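Me: I should like to learn how to read a structure such as this one. Would you guide me through its features in turn?

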Amino acid sequence: MLDEITKTIAPHGLVISGALHPDANDISNAKTLILLSPRETFWDIFKNAPEYTDNTPNPIDRWSKRVISDIAMHLNARTQFPFGGPPYAPFLDWAKQSGRAFSSPLGMLAHDTYGMMISYRGALAFDHKIALPASPSTSPCETCAAKPCLSACPVNAITPEHGYDVATCHAHLDTPQGETCMTQACRIRTSCPVSVAVKRETAHNMLHMRAFKGET
Ligand code: B12
């Protein structure tokens with residue numbers, strides 16, 4: 001079944017980034033949840049989708065809803081999305097329960113393959129149990145001696161002591177010095193040694209960062 005899901009989602013630029021058997025009282029009411037994230041081909045596929053050029057807000061969220069809903073129908077599953085709240089579906093908890101993503105020293109998630117560049121586009125909820133492989137269950141942060149994430153932000157907008165100071169982050173993005181964060185993505189996220197392997201186009205980074213700034 002996992003193979004079938006992988007084959008179905010791959011042409012849409014998506015990959016299984018986590019899977020879990022949620023507790024009986026989980027809000028998803030699912031026996032199996034499959035978390036979906038962008039893979040290397042995502043941007044080329046998305047760029048050619050109608051949502052990219054229709055000049056309507058939240059293009060990636062709208063693309064995710066359309067594409068993942070179609071996939072779910074095909075696989076006889078239900079959907080969950082990380083956006084559209086509040087209330088928000090507990091993607092951070094699901095990610096951690098999957099054993100493939102972990103709280104980094106800054107609180108932001110670090111994933112075994114995508115590091116801090118992990119993001120989720122949606123989840124497939126199945127009413128039956130799908131056999132899942134064992135996950136690594138050791139955080140990449142445990143073996144990361146340098147911990148560059150702790151000093152990567154030019155304005156210390158995220159600290160272990162005070163969490164995420166969104167206003168400080170926003171203010172920096174509006175300055176010339178903040179341009180690198182806008183075009184090359186958040187410097188904390190890209191400093192993660194696991195994230196370094198994740199290559200993203202400038203336009204992709206800018207779309208997310210502009211959405212974060214409330215500009216799209
Ligand atoms: C609201 C929200 C935000 C708010 C956070 C408000 C705040 N902290 O005051 C804002 C808009 C600022 C935000 C920003 C970002 N977010 Co956000 N966010 C969410 C969202 C939609 C809901 C979280 C929530 O309120 N849950 C309910 C409450 C009750 O639970 P909670 O655990 O207390 O939630 C807190 C944390 O989620 C935290 N948080 C949310 N995003 C981020 C990002 C960072 C860097 C940190 C430290 C904390 C943080 O803030 C929440 C409220 O306090 C989740 C998706 C989801 N469904 O979980 C994504 C999510 C957590 N965000 C994510 C991402 C990718 C980002 C961005 C990096 C987006 C980008 N630019 O690409 C930015 C950070 C900017 C940057 N430096 O790059 C990812 C996870 C990334 C990770 N590795 O951990 C998620 C899971 C979305 C996804 N589709 O994958 N986000």
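Reply: The dialogue below concerns a predicted model, and it takes up the ligand, a helix, the backbone and several single residues.

Me: Which residues around the ligand come nearest?

Reply: One begins by listing the residues that have a heavy atom within 4 Å of the ligand. Here there are 19 residues around the ligand, and P82, A89, L109, Y120 and Y164 come nearest.

Me: What is the make-up of that shell, in terms of nonpolar, polar and charged residues?

Reply: The shell around the ligand divides into 16 nonpolar residues, two polar and one charged.

Me: Which backbone atoms lie at a short list of distances from nitrogen or oxygen atoms of the ligand?

Reply: For this feature, one looks at pairs of N or O atoms within 3.5 Å. A backbone N or O atom of P82 is 2.9 Å from a nitrogen atom of the ligand. For L109, a polar backbone atom is 2.8 Å from an oxygen atom of the ligand. For M116, a backbone N or O atom is 3.5 Å from a nitrogen atom of the ligand.

Me: Which elements give two or more residues to the shell around the ligand?

Reply: They are helix 6 (166–173) and helix 9 (202–212). Helix 9 gives the most, with three residues. As for the space taken by the ligand, this is the largest pocket.

Me: How may one check the span of a helix, taking helix 4 as the case?

Reply: The expected span is 1.5 Å times one less than the number of residues. Helix 4 covers residues 59–75, which is 17 residues, so it should span 24 Å. The C-alpha atoms at its ends are 24 Å apart, in agreement with that expectation.

Me: Which residues of helix 4 are buried?

Reply: A residue is called buried when its relative accessible area is under 20%. In helix 4 the buried residues are P59, I60, W63, S64, V67, I68, I71, A72 and L75.

Me: Where does N76 lie, and is it buried or exposed?

Reply: N76 lies in the loop between helix 4 and strand 3, just after helix 4. It is exposed, because its relative accessible area is 69%, and the cut-off for exposed is over 50%. The backbone of N76 also deserves attention: its phi is near 60°, a positive value in a residue other than glycine.

Me: What is the phi of N55, and where is this residue found?

Reply: N55 has a positive phi of about 55°, although it is not a glycine. It is found in the loop between helix 3 and helix 4. With a relative accessible area of 80%, N55 is exposed.

Me: In which loop is N58 found, and how is its accessibility classed?

Reply: N58 is found in the loop between helix 3 (50–53) and helix 4. Its relative accessibility is 41%, so N58 counts as partly exposed. Sequence and space may also be set side by side: N58 and T180 are 122 residues apart along the chain, and their C-alpha atoms are separated by 22 Å.

Me: Which peptide bonds are cis in the stretch from G85 to P87?

Reply: To recognise such a bond, one reads the omega angle. The bond from G85 to P86 is cis, with omega near -5°. The bond from P86 to P87 is cis, with omega near 0°. P86 lies in the loop between strand 3 (78–80) and helix 5 (91–97), and P87 has its place in the loop between strand 3 and helix 5.

Me: Is R121 buried or exposed, and with which side chain does it make a polar contact?

Reply: R121 counts as buried, because its relative accessibility is 7%. Its side chain makes a polar contact with the side chain of D61, at 2.5 Å. R121 itself lies in the loop between strand 5 (109–111) and strand 6 (122–126).

Me: How should A123 and T183 be read?

Reply: A123 is found in strand 6 and counts as buried, at 0% relative accessibility. A123 and F81 are 42 residues apart along the chain, with their C-alpha atoms separated by 6.4 Å. T183 has its place in helix 7 (residues 179–184) and is buried, with a relative accessible area of 15%. T183 and K213 are 30 residues apart in sequence and 13 Å apart in space, C-alpha to C-alpha.

Conventions
Residues are numbered from 1 along each chain as its sequence is written. This is a predicted model: local features need pLDDT of at least 70, side-chain atom pairs count only at pLDDT 80 or more; totals for chains, interfaces and linings use all residues. Side-chain values use heavy atoms; hydrogens and water are left out. A polar contact is a pair of N or O atoms within 3.5 Å; within protein, one must be able to donate a hydrogen and the other to accept it, and residues adjacent in sequence count only if both atoms are side-chain atoms. On a 1 Å grid over the protein atoms alone, a cavity is a set of points where a 1.4 Å probe fits but cannot get out, and a pocket is an open set with protein on both sides within 12 Å along at least five of seven lines; lining residues have an atom within 4 Å of a point. A molecule sits in a cavity or pocket if more than half of its atoms lie within 2 Å of its grid points. Helices (H or I, at least four residues) and strands (E, at least two) are DSSP runs, numbered from the N terminus. Ala, Val, Leu, Ile, Met, Phe, Trp, Tyr, Cys and Pro count as nonpolar, Asp, Glu, Lys and Arg as charged, and the others, Gly among them, as polar. Buried means under 20% relative accessible area, exposed over 50%, partly exposed in between (1.4 Å probe, protein chains only).
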